[in-house]
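Please look over the sequence and the structure shown here before reading on. The report that follows begins with single residues and then turns to the chain as a whole.

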Amino acid sequence: MKTEIDVRLFAGAKQRVGAERVTLQLAAGATVAQLRQELSERHPELAELLPRTLFAIDCDYVADSRVLTGVQEIACIPPVSGG
């Protein structure tokens, strides 16, 4: 069974994809690591950012081992630089 995952993109990820959100179909019980891999495959323009990107679910940063459900708000937060 597949779960629809809605991911909000921020900063460089949003600019590279050209959208504020992407929706992916992942197997039920998928983890953040699997989400990271699927994003890299579906959006190769993100591949360079994803190893250093943080993910947050419902406003809390999460590890790659976190299991996803379709009802959570997932944020993709790439590294940013400033000065």
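## Strand β2 and its surroundings

Thr23 is a residue of strand β2, in a model that is predicted. With a relative accessible area of 39%, Thr23 is partly exposed, because that class takes in the values between 20% and 50%. Leaving out residues up to four places away in sequence, Thr23 touches Glu4, Ile5, Asp6 and Arg42. One of these partners, Glu4, is 19 residues from Thr23 in sequence, while the two C-alpha atoms are 6.7 Å apart in space.

## The order of the elements

The chain holds two helices and five strands, and read from the N terminus they follow one another as β-α-β-α-β-β-β. The radius of gyration is 12 Å, close to the 12 Å that the globule rule gives for 83 residues, so the chain is as compact as a globular protein of that length. Taken along the principal axes, the box filled by the C-alpha atoms has sides of roughly 45 × 25 × 20 Å. Among the contacts between residues at least 6 apart in sequence, 51% join residues that are at least 24 apart.

## The nonpolar core

Which residues of the largest nonpolar core touch the most other members? In this core of 21 residues, they are Val7, Leu35, Leu39, Phe55, Leu68 and Ile74. At least two residues of the core are supplied by each of β1 (2-9), α1 (11-17), β2 (21-27), α2 (32-42), β3 and β5 (74-77). For Val7, the contacts beyond its neighbours within four places in sequence are with Glu20, Arg21, Val22, Leu35, Ile74 and Cys76.

## Two buried residues

Is Arg36, which has its place in helix α2, buried or exposed? Its relative accessibility is 15%, so Arg36 counts as buried, the limit for that class being under 20%. Apart from residues up to four places away in sequence, Arg36 touches Leu50, Pro51, Thr53, Phe55 and Asp64. Of these partners, Thr53 lies 17 residues from Arg36 in sequence and 8.9 Å from it in space, C-alpha to C-alpha.

Val62 belongs to strand β4 and is likewise buried, with a relative accessible area of 17%. When residues up to four places away in sequence are not counted, Val62 touches Val32, Phe55 and Ile57. Phe55 is thus named among the contacts of Arg36 and among those of Val62, and it is also one of the core residues that touch the most other members. Val62 and Ile74 are twelve residues apart in sequence, and their C-alpha atoms are 9.8 Å apart in space.

The three C-alpha separations given so far are set out below.

| Residue pair | Separation in sequence | C-alpha to C-alpha distance |
|---|---|---|
| Thr23 and Glu4 | 19 residues | 6.7 Å |
| Arg36 and Thr53 | 17 residues | 8.9 Å |
| Val62 and Ile74 | twelve residues | 9.8 Å |

## The loop between β3 and β4

Asp58 lies in the loop that runs between β3 (54-57) and β4 (60-62), and Cys59 is found in the loop between these strands as well. Phi of Asp58 is near 50°, which is a positive value in a residue other than glycine. Cys59, although it is not a glycine, also has a positive phi, of about 75°. As for accessibility, Asp58 counts as partly exposed at 44%, whereas Cys59 counts as exposed at 70%, a value over the 50% at which the exposed class begins.

## Surface and charge

Across the chain, buried residues make up 37% of the 83 residues. The accessible surface comes to about 4,900 Å², and 50% of this surface belongs to carbon and sulfur atoms. There are 9 positive and 11 negative side chains, and the centres of these two sets lie 2 Å apart.

Terms used: Residues numbered from 1 in each chain as written. Predicted model: local features only at pLDDT ≥ 70, side-chain atom pairs only at ≥ 80, totals over all residues. Heavy atoms only, no water. Helix = DSSP H or I, 4+ residues; strand = E, 2+ residues; numbered from the N terminus. Rg over C-alpha atoms; globule rule 2.2 N^0.38 Å. Buried < 20%, exposed > 50% of the residue type's maximum accessible area, 1.4 Å probe, protein only. Contact = heavy atoms within 4.5 Å. Areas by Shrake-Rupley, 256 points an atom, 1.4 Å probe, with all protein chains shown as cover. Lys, Arg positive; Asp, Glu negative; His and termini not counted. Charge placed at Lys NZ, Arg CZ, Asp CG, Glu CD. Core = buried A, V, L, I, M, F, W, Y, C linked by side-chain atoms within 4.5 Å.
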